[in-house]
Amino acid sequence: MDAQLETLSRLVGEHLQDKGWRLASAESCTGGWVAEVVTATAGSSAWFDCGFITYSNDAKCALLGVSPMTLARYGAVSEQTTAAMASGTLERAEADLALSISGIAGPTGGSPEKPVGTVCFGWIRSGETAQTATCRFDGDREAVRRQAVVFALEELLRRYR
């Protein structure tokens, strides 16, 4: 793991421990990269509960309770879907905070409305409403996925100070 991700994970862990919170994640296009980054940090079992890799729409429905109607209406890469993913993660985990990621990492799969590099995010804290964001990242598949991991963790720190 590179130094930026290592530092970011350590900062997230320190922040969560200071708050007494545990994190859970739901990932699609990043394939568990957030979970990999945080569990590479020694002591992360004190602040990280679990991660779901829900790459298919069926997995999003079965494991996280995302409504098939949400997926049909908005698509897997939408703020509505990542809000539902984050909420479903929080309901199924022993965590206080959850994040979710779904996107089009490429090199194929994009459309004029949602080009390659489009990634949607969700964050939710217990007892609160989900927050969402959409970004458009440049680069190849690995670059898009890495930028999504960094953004998800940086925004967690920014949104839940």
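## Starting in the sheet

Leu-23 stands opposite Leu-97 in strand E3. That pairing is a good way into this predicted model, in which local features need pLDDT of at least 70, side-chain atom pairs count only at pLDDT 80 or more, and totals for chains, interfaces and linings use all residues. Residues are numbered from 1 along each chain as its sequence is written, and side-chain values use heavy atoms, with hydrogens and water left out.

Strand E1 (residues 23–27) and E3 run parallel to each other, with 5 bridges between them. Helices (H or I, at least four residues) and strands (E, at least two) are DSSP runs numbered from the N terminus, and two strands pair if DSSP finds at least two bridges between them.

## The whole chain

Zoom out, and you can count 6 helices and 5 strands. Going along the sequence, they come in the order α-β-α-β-α-α-α-β-β-β-α. The chain's radius of gyration is 14 Å, close to the 15 Å that the globule rule gives for 161 residues, so the chain is as compact as a globular protein of that length. That radius is taken over C-alpha atoms, and the rule is 2.2 Å times the number of residues to the power 0.38. If you drew a box around the C-alpha atoms along the principal axes, it would be roughly 40 × 30 × 25 Å.

How much of the chain is buried? The answer is 49% of the 161 residues, where buried means under 20% relative accessible area, exposed means over 50%, and partly exposed is in between (1.4 Å probe, protein chains only). Take the contacts (heavy atoms within 4.5 Å) between residues at least 6 apart in sequence: 64% of them join residues at least 24 apart.

## Surface and charge

On the outside, the chain exposes about 7,400 Å², and carbon and sulfur atoms supply 48% of that area. Accessible areas come from the Shrake-Rupley method with a 1.4 Å probe, and for residues only the protein chains shown count as cover.

As for charge, there are 15 positive and 19 negative side chains, and the centres of the two sets are 4 Å apart. Lys and Arg count as positive and Asp and Glu as negative, while His and the chain ends are not counted. Each charge is placed at NZ of Lys, CZ of Arg, CG of Asp or CD of Glu.

## E3, covered on both sides

Back to E3, which spans residues 97–103: 7 of its 7 residues are buried, so this strand is largely enclosed by the rest of the structure. In a regular strand the side chains alternate between the two faces of the sheet. On one side of E3 you find Leu-97, Leu-99, Ile-101 and Gly-103, on the other Ala-98, Ser-100 and Ser-102, and all of them are buried.

E3 also runs antiparallel to strand E4 (residues 118–125), joined to it by 7 bridges. In that pairing, Ile-101 stands opposite Phe-121 in E4.

## E4, E5 and a hairpin

E4 is well covered too: 7 of its 8 residues are buried, so E4 is largely enclosed by the rest of the structure. E4 pairs with strand E5 (residues 131–136) in the antiparallel sense, over 6 bridges. Here Phe-121 turns up again, opposite Ala-133 in E5.

E4 and E5 make a hairpin with 5 residues between them, and Gly-127 in the turn has a positive phi of about 85°. Another backbone feature sits in the loop between E3 and E4, where you find Pro-107. The peptide bond from Gly-106 to Pro-107 is cis, with omega near 10°. For background, most residues other than glycine have a negative phi, and most peptide bonds are trans.

## Three residues to click on

Try Ser-9 in helix H1 (residues 3–19). Ser-9 is buried, with a relative accessible area of 0%. Not counting residues up to four places away in sequence, Ser-9 touches Val-37, Val-38, Thr-41 and Trp-47. Then look at Ala-93, in the loop between helix H5 (79–92) and E3. Ala-93 is buried, at 10% relative accessible area, and with the same sequence neighbours left out it touches Ala-24, Asp-49 and Cys-50.

Is Arg-141 in helix H6 (residues 141–159) buried or partly exposed? Arg-141 is partly exposed, with a relative accessible area of 36%. Leaving aside neighbours within four places in sequence, Arg-141 is in contact with Tyr-55, Ala-105 and Gly-106. The C-alpha atoms of Arg-141 and Gly-127 are 35 Å apart, with 14 residues separating them along the chain.
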